[in-house]
Amino acid sequence: MVKLSNQQKLHPILGFVLFAVLMGAFLTAGKYMQQNWGITGLVLSEFMFLAIAIIYCLITGSKIKEMFPIKKITAMDLIGCFMLHLGGYLLSLISIAVVGLVYPEALKEADHLNEFLFGSMSFIPALIIIGLLPAICEEAIHRGAILSNFRSIKKDWVIVLIMGLLFGINHVSVLKFFSTAILGGVLSYVLVKKNNILLTMLIHFVNNAFSVVVSYGMGAAKAAASASLTDMNMTAALGVYLMLGFAAPFMFVIGSRLLAPQDFKKKWILFAGIISALMIAGGIYITLSGKGVTMQINSAFSYDVVDADKDTEACEFTMEKDTTALVVVSLKNAEGDYRVRIDGDKGSNIINAPVPNESMRTFMYQCEFQADHYTVYIDPEENAVGETPYFTIIISNN
């Protein structure tokens with residue numbers, strides 16, 4: 001970890017003191033502003049974080065370019081950061097499902113937060129306020145001012161662990177503690193290894209912007225599916241997340257190899273393989289051992305799209321009784337537009353939704369099924385002709 005030129009003035013204890021000051025300001029002034037002024041209060045609280053970071057830099061006499069280091073970003077840096085962030089995102093989904101199982105009341109918190117953030121803003125303001133502002137202001141205080149006090153610690157993993165925990169605590173959320181701690185750890189690892197706060201700001205922005213894009217881009221379909229966290233079967237969700245997240249350990253290994261090749265150890269690949277296998281096995285066990293589970297997985301479903309006017313039967317399944325089921329569809333090896341339909345023999349249409357055009361082409365809905373036989377159809381658009389899409393479809397009932 002690169003030290004500051006005035007590192008002797010800073011000490012890890014000052015990092016905890018600064019974090020305490022931050023939390024005090026956030027739980028008093030920040031909370032007041034958000035409760036009384038809504039979105040305006042949220043914006044002001046973010047600027048408060050930035051102000052605290054700058055004031056601390058001035059008080060300690062640190063050089064701005066050292067406490068908030070900015071360097072040129074390479075293509076290798078971007079790829080490594082993308083791999084680390086994607087791995088962290090998959091682990092975050094698993095952590096949310098675990099917390100939802102242990103403390104179901106925490107799920108209501110997410111629904112209230114989504115209503116607060118997305119209930120009164122259009123897309124562009126949301127992208128700026130939820131995506132850009134935290135990426136600048138929260139990174140300035142956490143990866144800039146606070147982390148600078150821990151640069152004297154010799155073991156990088158200790159810095160990453162401390163900063164991850166502090167970032168999780170700062171969000172004051174039972175449900176999101178582990179997910180934000182994971183993100184904070186990833187961001188801190190990048191800063192420790194590359195000493196470039198532009199990279200952490202970029203990752204932070206992409207992470208938050210992804211939520212905004214999904215929330216607004218899939219709003220209609222999401223509303224139709226009533227995909228509230230409080231309505232979800234978190235046991236089924238955990239099983240699905242474990243299976244979808246099996247690649248996370250390898251993403252961490254690849255990302256670390258790209259960002260810090262000097263620290264890479266071949267044994268990490270073995271550890272990643274073991275953890276990945278355990279995740280897959282755990283996901284399958286949880287899903288199949290759930291009460292009344294009906295699961296249809298066709299992980300090898302792939303075909304050549306030759307006609308945009310012709311839909312394709314992906315798989316069939318039967319629900320023996322009326323039930324609520326979790327539907328997860330994942331698409332790989334395709335860039336065109338596709339829709340997924342689930343139709344019952346009795347004439348019901350459960351889902352008719354587009355596959356998102358994001359880095360992770362995956363959607364998940366909680367749907368109400370009647371006792372019936374169902375068929376899953378894939379409807380390609382014109383720009384999909386000539387592709388060979390690879391679909392994974394998982395359906396598990398409560």
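Half of this chain is out of reach of solvent, or in the exact terms, buried residues make up 50% of its 398 residues. This is a predicted model, so please hear everything that follows in that light. The chain has 13 helices and eight strands. Taking contacts between residues at least 6 apart in sequence, 81% of them join residues at least 24 apart.

I will start with the helices. Helices α1 and α2 pack with their axes 8 Å apart, at an angle of about 160 degrees. An angle over 145 degrees counts as roughly antiparallel, and α1 and α2 are therefore roughly antiparallel to each other. Their crossing is right-handed. On the α1 side the contact includes L14, L18, L22, F26 and W37. On the α2 side, I39, L42, M48, F49, I52 and Y56 are among the residues involved.

Next, the cores. The largest nonpolar core has 41 residues, and I141 and I146 have the most contacts inside it. Which elements give two or more residues to this core? They are α1, α2, α6, α7, α8 and α9. Helix α6, residues 123-148, supplies the largest share, 10 residues.

What does I141 touch, once its neighbours within four places in sequence are left aside? The list is L18, L22, F49, I52, A53 and I146. Four of those names may sound familiar: L18 and L22 of α1, and F49 and I52 of α2, also take part in the contact between those two helices.

There is also a second, separate core, of 29 residues. F301, Y303, I342 and V376 are included in it. Please keep I342 in mind for the strands.

Before that, two residues in the helices. V190 is found in helix α8. Its relative accessible area is 0%, so V190 is buried. Leaving aside neighbours within four places in sequence, V190 is in contact with C81, L84, N195, L199, T200, I203 and L259. The C-alpha atoms of V190 and A260 are separated by 9.2 Å, although these residues are 70 apart along the chain.

The other one is N208, in helix α9. Is N208 buried or exposed? With a relative accessible area of 13%, N208 is buried. Beyond its neighbours within four places in sequence, N208 is in contact with I130, G131 and P134.

Now two loop residues with unusual backbone angles. Most residues other than glycine have a negative phi. N195, which we met as a contact of V190, has a positive phi near 50 degrees. N195 lies in the loop between α8 and α9, and at 8% relative accessibility it counts as buried. V172 has a positive phi as well, near 45 degrees. V172 is found in the loop between α7 and α8. At 47% relative accessibility, V172 counts as partly exposed.

On to the strands. An open sheet of four strands runs in the order β2-β7-β4-β5, with antiparallel pairing. Why do β2 and β5 each have one side without a neighbour in the sheet? They stand at the edges, each with a single partner strand, so one side of each is left without a neighbour there. From one strand to the next, the twist averages 15 degrees.

Within that sheet, β4, residues 338-344, pairs with β5 in the antiparallel sense over five bridges. I342, the residue I asked you to remember from the second core, stands opposite I351 in β5. R339 stands opposite P354 in β5. The hairpin of β4 and β5 has four residues between the strands, and G347 in that hairpin takes a positive phi near 100 degrees.

The last pair is β3 and β6. Strand β3 covers residues 323-332, and nine of its 10 residues are buried, so β3 is largely enclosed by the rest of the structure. β3 runs antiparallel to β6, residues 362-369, and eight bridges join the two. In this pairing V327 stands opposite Y365 in β6.

To recap, there is a nonpolar core of 41 residues with its largest share from α6, and a separate one of 29 residues. The four-stranded sheet is open, and β3 is largely enclosed. That is the end of my part.

Definitions and conventions:
Residues are numbered from 1 along each chain as its sequence is written. This is a predicted model: local features need pLDDT of at least 70, side-chain atom pairs count only at pLDDT 80 or more; totals for chains, interfaces and linings use all residues. Side-chain values use heavy atoms; hydrogens and water are left out. Two strands pair if DSSP finds at least two bridges between them. Axes are lines fitted to C-alpha atoms, for helices over the stretch in contact, and angles run from 0 to 180 degrees between N-to-C directions. A nonpolar core is a set of buried Ala, Val, Leu, Ile, Met, Phe, Trp, Tyr and Cys residues joined through side-chain atoms within 4.5 Å. Buried means under 20% relative accessible area, exposed over 50%, partly exposed in between (1.4 Å probe, protein chains only). Contact means heavy atoms within 4.5 Å. Angles under 35 degrees count as roughly parallel, over 145 as roughly antiparallel, 65 to 115 as roughly perpendicular and the rest as oblique. A crossing is left-handed if the near helix is turned anticlockwise from the far one by less than a right angle, and right-handed if clockwise.
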